[in-house]
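Reader: I should like to go through this structure by way of questions, beginning with the overall fold and moving on to individual residues. Please give the reasoning behind each reply.

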Amino acid sequence: MASGTRPILSSTPLQVLLYLNSYYFAAFYVAEILMFIYKGVLLPYPSDNLALDVVLLVLFLGLETLRIFYGWKGNLCERSLASVLSLLLLLPCAALAVYYLLLQTFVLRLEFILSAVLLCFYGLQFLLGFFAIHSFARSKVY
C-alpha cells in the first residue's frame, strides 16, 4: 500500500445484500399490493382494516427506501452516522415485516413466506451493518 492511502473499509457483503434487498423489496411490495387486491375482492376484509394495511404498506415503502439509501451511502462513503441511521430505520421496518407476517387481518401463506425471507434479509443486514460501523469507528483517528 502506498503511503498516504488508507484501506477501503466498506463492506462488500453488506453492499451486495442492500442491492439484493432493494430488488426483493420491490417484488415484495408488488406482491403485497396484488394480494391486497385479492383479499379485498374475495375475502370479507373490513374496509377499515384494509385501509390501515394499505397505509402501513405505503409507510413501509418510505421507511425501506430511506433505510436502503442511508445504508448504501453510509457503507460506500464509510460514514458511521448514515450507517447507524440505517440500522435505526431497520427496527420499524422489521416491526412492519412482523406485522405483515403475523398480525394482519388475513395472512396468506405467500405473505408469510415473503415476510419471513424479508426478516432474514434484515437479520443479515443488521449483523453486517453492525460490523461495518464497528470497522468505520475503529479506523477514525482522533
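Reader: In what order do the elements of the chain run from the N terminus on?

Author: The model is a predicted one. Its chain has four helices and zero strands. Read from the N terminus on, the elements therefore follow the order α-α-α-α.

Reader: What box do the C-alpha atoms of the chain fill, taken along the principal axes?

Author: Of the 142 residues in the chain, 37% count as buried. Among contacts with a separation of 6 or more, 78% join residues 24 or more positions apart. Along the principal axes, the C-alpha atoms fill a box of roughly 70 × 20 × 20 Å.

Reader: How far does helix 1 reach from its first C-alpha to its last?

Author: Helix 1 covers residues 12-42 and has 31 residues. At 1.5 Å a residue, a span of 45 Å is expected. The reach in the model is close to that value, at 44 Å.

Reader: Which residue caps the N-terminal end of helix 1?

Author: The cap is recognised by a side-chain oxygen that lies 3.2 Å from the backbone nitrogen of L14. The residue that supplies this oxygen is S11.

Reader: Is the pair formed by F25 and Y29 stacked or tilted?

Author: The structure holds 13 aromatic pairs. In the pair of F25 and Y29, the ring centres are 6.1 Å apart and the planes meet at 35°. Planes under 30 degrees apart would count as stacked and planes over 60 as edge-to-face. The angle of 35° falls under neither heading, so the pair of F25 and Y29 is tilted.

Reader: By about how much of the helix are F25 and Y29 separated?

Author: An α-helix has 3.6 residues a turn, so residues three or four places apart point the same way. F25 and Y29 are four residues apart in helix 1. Their separation is therefore about one helical turn.

Reader: Does Y29 count as buried or exposed?

Author: A residue is buried if its relative accessible area is under 20%. F25, at 4% relative accessibility, meets this condition. Y29 has a relative accessibility of 15%, so Y29 too counts as buried.

Reader: Which residues touch the most other members of the largest nonpolar core?

Author: This core has 26 residues. Helix 1, helix 2, helix 3 and helix 4 each supply at least two of its residues. F25, F28, Y29, F36, F60, Y99 and Y100 also form one aromatic cluster. The core residues that touch the most other members are F28, F60, Y100, L118 and Y122.

Reader: Against which helices do the buried residues of helix 2 pack?

Author: Helix 2 consists of residues 47-76 and reaches 43 Å, close to the 44 Å expected. Its buried residues include D53, L56, L57, F60 and N75. The buried residues of helix 2 pack against helix 1, helix 3 and helix 4.

Reader: Which backbone nitrogen lies 2.8 Å from a polar atom of the N75 side chain?

Author: N75 is found in helix 2 and is buried, at 1% relative accessibility. Apart from residues up to four places away in sequence, N75 touches S10, S11, L14, Q15, S83, A132 and F136. Of these, the residue whose backbone nitrogen lies 2.8 Å from a polar atom of the N75 side chain is S11.

Reader: What is the phi of E78?

Author: E78 is placed in the loop between helix 2 and helix 3 and counts as buried, at 8% relative accessibility. Although E78 is not a glycine, its phi is positive, at about 55°.

Reader: With which residues is S115 in contact, leaving aside its neighbours within four places in sequence?

Author: S115 lies in helix 4 and is buried, with a relative accessible area of 0%. Y100 has S115 among its contacts, along with others including E32, D53 and E111. The contacts of S115 itself are F28, A97, Y100 and L101.

Reader: How many disulfides does a search of the whole structure find?

Author: A disulfide requires cysteine sulfur atoms within 2.5 Å. C93 is buried, at 0% relative accessible area, and its nearest cysteine sulfur, that of C120, is 16 Å away, so C93 is in no disulfide. The search of the whole structure gives a count of zero.

Terms used. Residues numbered from 1 in each chain as written. Predicted model: local features only at pLDDT ≥ 70, side-chain atom pairs only at ≥ 80, totals over all residues. Heavy atoms only, no water. Phe/Tyr/Trp six-rings, centres within 6.5 Å; stacked < 30°, edge-to-face > 60°. Buried < 20%, exposed > 50% of the residue type's maximum accessible area, 1.4 Å probe, protein only. Expected span 1.5 Å × (residues − 1). Contact = heavy atoms within 4.5 Å. Core = buried A, V, L, I, M, F, W, Y, C linked by side-chain atoms within 4.5 Å. Polar contact = N/O pair within 3.5 Å; in protein donor to acceptor, adjacent residues only side chain to side chain.
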